[in-house]
Amino acid sequence: MKKAVIPGSFDPVTNGHVDIIRRASRLFDEVVVLIGVNSSKKTLFTLSEREEMLRASLSGFPNVTVDSSSGLIVDYCLSHGAEYIVRGLRDAVDFSYEHELEINNRFLSERVETIYLSAGSDNLFVRSSSIREFLSYGVDVSSLVPEAVVEYLEKRRS
Ligand code: ADP
């Protein structure tokens, strides 16, 4: 059974994330979307909000689950029987960051392989940090995030 972990902050989950998750769900038997918990990193949405938004956005993918971890991604993979990490690449900046991460992860364990999926053309410029900034100015982000997230943001505002 091939199991993959897709780690990230998902603060909040975007159309770009969902595209990568959807494509990974067709390549692997099981996919775990793993929210990395880093107490020194301030996030706009709490862990449970990010979990809730991910679960609502991914309900159509039966082989995808959501989990969180404050430890090393590689340790999570090894203890949960996942041999693959999937990452999305938007551009060369993403690649150089991701490549360094991959080298570090391989140093930790050669049993976990990193696989890259390129961003779809609609999502090349979609990033959580821009969405957070747009939200702070009251900009409509509904074309950039899954429908379930739009509803979630509306509910939170009211
Ligand atoms: P962001 O980079 O938007 O803050 P995360 O840190 O949560 O998002 O990233 C989790 C993973 O999703 C990373 O591998 C990142 O490169 C990927 N990713 C983020 N946005 C996109 C996108 N628009 N298209 C493809 N992959 C993406």
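This briefing describes the ligand site, the pocket, the cavity and a loop with unusual backbone geometry in one structure. The model is predicted. Its ligand sits in the largest pocket, which has a volume of about 1,300 Å³. A search of the whole structure also finds one cavity of 30 Å³ or more. In the loop between strand 1 and helix 1, Pro12 follows a cis peptide bond, and Phe10 has a positive phi.

**Ligand shell**

- The ligand is surrounded by 17 residues, and the closest are Ser9, Gly88, Arg90, Asn123 and Val126.
- By class, the shell around the ligand holds five nonpolar, seven polar and five charged residues.
- Two or more shell residues come from each of strand 1 (3–8), helix 1 (15–27), strand 4 (84–89) and helix 4 (92–108).
- Helix 1 gives the largest share of this shell, with three residues.

**Polar contacts and coverage of the ligand**

- A polar backbone atom of Gly88 lies 2.6 Å from an oxygen atom of the ligand.
- The side chain of Arg90 places an N or O atom 3.0 Å from an oxygen atom of the ligand.
- At Asn123 the partner is a nitrogen atom of the ligand, which is 2.8 Å from a backbone N or O atom of this residue.
- On its own the ligand has 530 Å² of accessible area, and the protein covers 89% of that area.

**Largest pocket**

- The lining of the largest pocket is made up of 47 residues, and those nearest the pocket centre are Pro7, Gly8, Ser9, Lys41 and Arg87.
- Ser9 thus appears both in this central group and among the closest residues to the ligand.
- The lining of the largest pocket comprises 18 nonpolar, 18 polar and 11 charged residues.
- At least two lining residues are supplied by each of strand 1, helix 1, strand 2 (30–36), helix 2 (47–57), helix 3 (73–79), strand 4, helix 4 and helix 5 (128–136).
- Helix 4 provides the largest share of the pocket lining, seven residues.

**Largest cavity**

- The largest cavity encloses about 40 Å³ of space.
- Its lining consists of Pro7, Ile73, Ile85, Arg87, Glu98, Leu101, Glu102, Asn105 and Thr114.
- Strand 4 and helix 4 are the elements that give two or more residues to the cavity lining.
- The largest share, four residues, comes from helix 4, the element that also gives the largest share of the pocket lining.
- The cavity lining divides into four nonpolar, two polar and three charged residues.
- Pro7 and Arg87 line the cavity and are also among the residues nearest the centre of the largest pocket.

**Backbone geometry between strand 1 and helix 1**

- Most residues other than glycine have a negative phi, and most peptide bonds are trans.
- Phe10 is not a glycine, yet its phi is positive, at about 50 degrees.
- The peptide bond from Asp11 to Pro12 is cis, with omega near 0 degrees.
- Phe10 is located in the loop between strand 1 and helix 1, and Pro12 lies in the loop between these elements as well.
- Strand 1 and helix 1, the elements on either side of this loop, each give two or more residues to the shell around the ligand and at least two to the lining of the largest pocket.

Definitions and conventions:
Residues are numbered from 1 along each chain as its sequence is written. This is a predicted model: local features need pLDDT of at least 70, side-chain atom pairs count only at pLDDT 80 or more; totals for chains, interfaces and linings use all residues. Side-chain values use heavy atoms; hydrogens and water are left out. A residue is near a molecule or strand if one of its heavy atoms lies within 4 Å of it. A polar contact is a pair of N or O atoms within 3.5 Å; within protein, one must be able to donate a hydrogen and the other to accept it, and residues adjacent in sequence count only if both atoms are side-chain atoms. Accessible areas come from the Shrake-Rupley method with a 1.4 Å probe; for residues, only the protein chains shown count as cover. On a 1 Å grid over the protein atoms alone, a cavity is a set of points where a 1.4 Å probe fits but cannot get out, and a pocket is an open set with protein on both sides within 12 Å along at least five of seven lines; lining residues have an atom within 4 Å of a point. A molecule sits in a cavity or pocket if more than half of its atoms lie within 2 Å of its grid points. Ala, Val, Leu, Ile, Met, Phe, Trp, Tyr, Cys and Pro count as nonpolar, Asp, Glu, Lys and Arg as charged, and the others, Gly among them, as polar. Grid points are joined across faces, edges and corners, and a volume is the space filled by probe spheres set on the points.
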